[in-house]
Amino acid sequence: MGKQALFTERFRSHHDAEASLGALLGKPKGLGRLLKMKSWADVEKKLREGPGPQARSLPRGIYIHVPYCDKICSFCNLNRKERSKADLDAYAAYIADELKAFGAYPYVREQPFNSVYFGGGTPTVLSVDQFALILRALRDHIPLADDCEISVETTQHNLGVQKALALAELGVNRFSVGIQTFSGRGRKVLGRTFDGEKSLEALRELRAAFRGVLGIDIIYSYPDQSIEEISGDAEICIESGIDSVSFYSLMIHKGSALAQSIENKETEFIRNIEWDRERHHLFYEKLAGAGFTLLELSKLARPGRDAYRYIHIQYENGDLIPIGSGAGGRLAGFSIFSMAPGQRFVSPINKQYERYYRMLGELQFGLYDPKRMAAGLPPGAEKAITEKIKELGDMRFLIPPARGSAWALSPDGIFWGNNIAVEVLKTAINAAKKEKAVYA
Ligand code: SF4
C-alpha cells in the first residue's frame, strides 16, 4: 500500500490523534459525557485517603494555568484573555490558595512531585512578586522532589534577563519560550512582538545569563514560508545554545485572526502535504545533523539536556493537579477541568479506554515495541501489532530495531507520527475486539 493511500489527512497534533482514538473506542461525547459527571466531593473522598501503590508508582506533577497575554497572536486559539482585563494580584492569590488547599490532602502530601508547569496564556505576565507568592505557597504546602522541574512558559517581551534571573532565584529551572520564527516577515504574519533581530538578541542574552533548561517553540509552514526562512530558524536553534526546541506545523484555528484574514483573502495561504513535509524534514534533518535527538513527535533536544518531566507525566497518565482558570488535569482516578475558584468539572477516568490513551501517549516518544503494546491484551494482539509495525516498516515509516524489540520512527514516520500511532492502535483495538476483549 502506498503512503498516500494510507493517510489522506495529516494529524498535526496529539489532540487530533486523541479525537480519532476517542471515535475508534466509541467514547461518548456531549450529553453522554455530561451524564458521567461526578462531584468534587467524590474526588475529595479519594484525596483524604493516601496515594495507593498505583499512584506512588507514577510520576506526578502540577499544572498551573495563567490565561492572560499582553497581546493576542494571530494564529492562537488557546485559552487566554488580554492581560488588561485581569486583576493579576487576585489571580496569584487564588493560585496560592489552591496550592494550600491541595496540600492539606494526604493524597497530595504523602508523595513528592516531580514537575510543576506554568502554562498559558503567558505566565510571565505575572510579576516577580506574584510568582514569589505562588512559589512560596508551593514550597510551604506541596512536597517537591529534590530535582523537581519547575517550568515556565513565556514570550520574549515579558521575560528580560533580570526577571529570568529573579525567577531562577525563586526556583524556576526551565523556561519554554514561544518564539515561533526569527524571520521578521514571518513574525509579522504570526502577530509576534519584536522583529527577528531583536528576538535573536533577546534569546542570546537569556541563554548567556540563565543556566537552567532553555527550550523554544518554532512554527513551520506559515504562509509563504521560504526554504531560507525555515533553514535560518534551524541554524539559529543550533548555534544559540538552546537545550530543546518544539517544532509545530502551523494550525489554522477557527476564530483566530489569521483564519479570518485567510478567509477574507487578505492573506494567501496555499499549502499541501509535500510543501509541509519539505519544511518539516529540512528543520528536522538540520537539527538531527547537529546532534539533537527526538524527545517527542514535535520536540528535539540535545541529549541529556532537557528531561521535560511534565510531558512524561502527561503521556504516561501520571497524576497532574490542575490549578487556575482553564487548567485541565487528572487526579486520583478522575479527569478534572478547573474553571474558576470553586468551579470544577469532574469525570471518572474510564479504565477500559485508559490503556489505549496511555499507549497513544507513549507512542509520542517515537518508539514502537510490539511486546510492550500487547501487554495485557489477548494473545492474538501481539502478532497483529507486529505485522502492522512490519508493514509500516516496509513503507519506511519505521526503522527495525538494531537491538531490543522497539522500532523507531524514520523522519517520514515522525512527520506522520500521530497518524501512525492511531493506525497501530486501531490494529490493537481490532485484535482485542476479535477476541471479545475490546478493552480488556
Ligand atoms: S500564542 Fe501564546 S502568547 Fe500568543 S496569544 Fe496564544 S497564548 Fe498568548
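## A tour starting from Tyr368

Select Tyr368 first and display its surroundings: leaving aside residues up to four places away in sequence, Tyr368 touches Leu363, Met373, Ile389, Leu398, Ser405, Ala406, Trp407, Leu409, Gly417, Ile420, Ala421 and Val424. Keep in mind throughout that this is a predicted model.

With Tyr368 still highlighted, switch to a cartoon view and pick strand E15 (367-368), which is one of the two edge strands of its sheet and pairs on one side only. The sheet is open, has three strands in the order E15-E17-E16, and is paired in the antiparallel sense. Its other edge strand is E16 (398-399). Between E15 and strand E17 (residues 407-409) there are two bridges, again antiparallel, and within E17 it is Trp407 that serves as the bridge partner of Tyr368.

Next, widen the selection to the largest nonpolar core, which has 107 residues, and in which Tyr368 belongs to the group touching the most other members, together with Ile62, Phe175, Ile216, Val245, Phe283 and Tyr356. Colouring helix H20 (residues 417-434) is useful here, since H20 supplies the largest share of this core, with nine residues. If you then colour by domain, you will find that domain 1 (3-27 + 351-434) and domain 2 (40-315) both contribute residues, and therefore the core lies between them. A second core of twelve residues is separate from this one, and includes Tyr63, Tyr310, Leu320 and Ala327. As background, nonpolar side chains in soluble globular proteins tend to be buried together.

Move now to strand E1 (residues 60-66), where seven of its seven residues are buried, so that the strand is mostly covered. Which residues of E1 point one way, and which the other? Arg60, Ile62, Ile64 and Val66 point to one side, whereas Gly61, Tyr63 and His65 point to the other, and all are buried. In a regular strand, side chains alternate between the two faces of the sheet.

Add the strands that pair with E1. One is strand E11 (residues 319-323), which runs parallel to E1 over five bridges, and there Ile321 stands opposite Ile62. Another is strand E4 (residues 113-120), which is also paired with E1 in the parallel sense, over six bridges, and in E4 the residue standing opposite Gly61 is Ser115.

From E1, continue to Ser74, which sits in the loop between strand E2 (68-69) and strand E3 (81-82). Is Ser74 buried or exposed? Its relative accessibility is 10%, and because the cut-off for buried is under 20%, Ser74 counts as buried. Displaying its contacts, with residues up to four places away in sequence left out, brings up Val189, Leu190, Gly191, Ser256, Ala257 and Leu258.

Finally, clear the selections and view the whole chain, which contains 20 helices and 17 strands. Its C-alpha trace spans about 60 × 55 × 45 Å along the principal axes, and its radius of gyration of 22 Å agrees with the value near 22 Å that a compact globule of 440 residues would have. Of those 440 residues, 54% count as buried, while the accessible surface comes to about 19700 Å², with 52% of it belonging to carbon and sulfur atoms. A contact map is a suitable last display: among contacts between residues at least 6 apart in sequence, 73% join residues at least 24 apart.

Terms used: Residues numbered from 1 in each chain as written. Predicted model: local features only at pLDDT ≥ 70, side-chain atom pairs only at ≥ 80, totals over all residues. Heavy atoms only, no water. Core = buried A, V, L, I, M, F, W, Y, C linked by side-chain atoms within 4.5 Å. Buried < 20%, exposed > 50% of the residue type's maximum accessible area, 1.4 Å probe, protein only. Helix = DSSP H or I, 4+ residues; strand = E, 2+ residues; numbered from the N terminus. Domains from an automatic or database assignment. Contact = heavy atoms within 4.5 Å. Rg over C-alpha atoms; globule rule 2.2 N^0.38 Å. Areas by Shrake-Rupley, 256 points an atom, 1.4 Å probe, with all protein chains shown as cover. Pairing = 2+ DSSP bridges.
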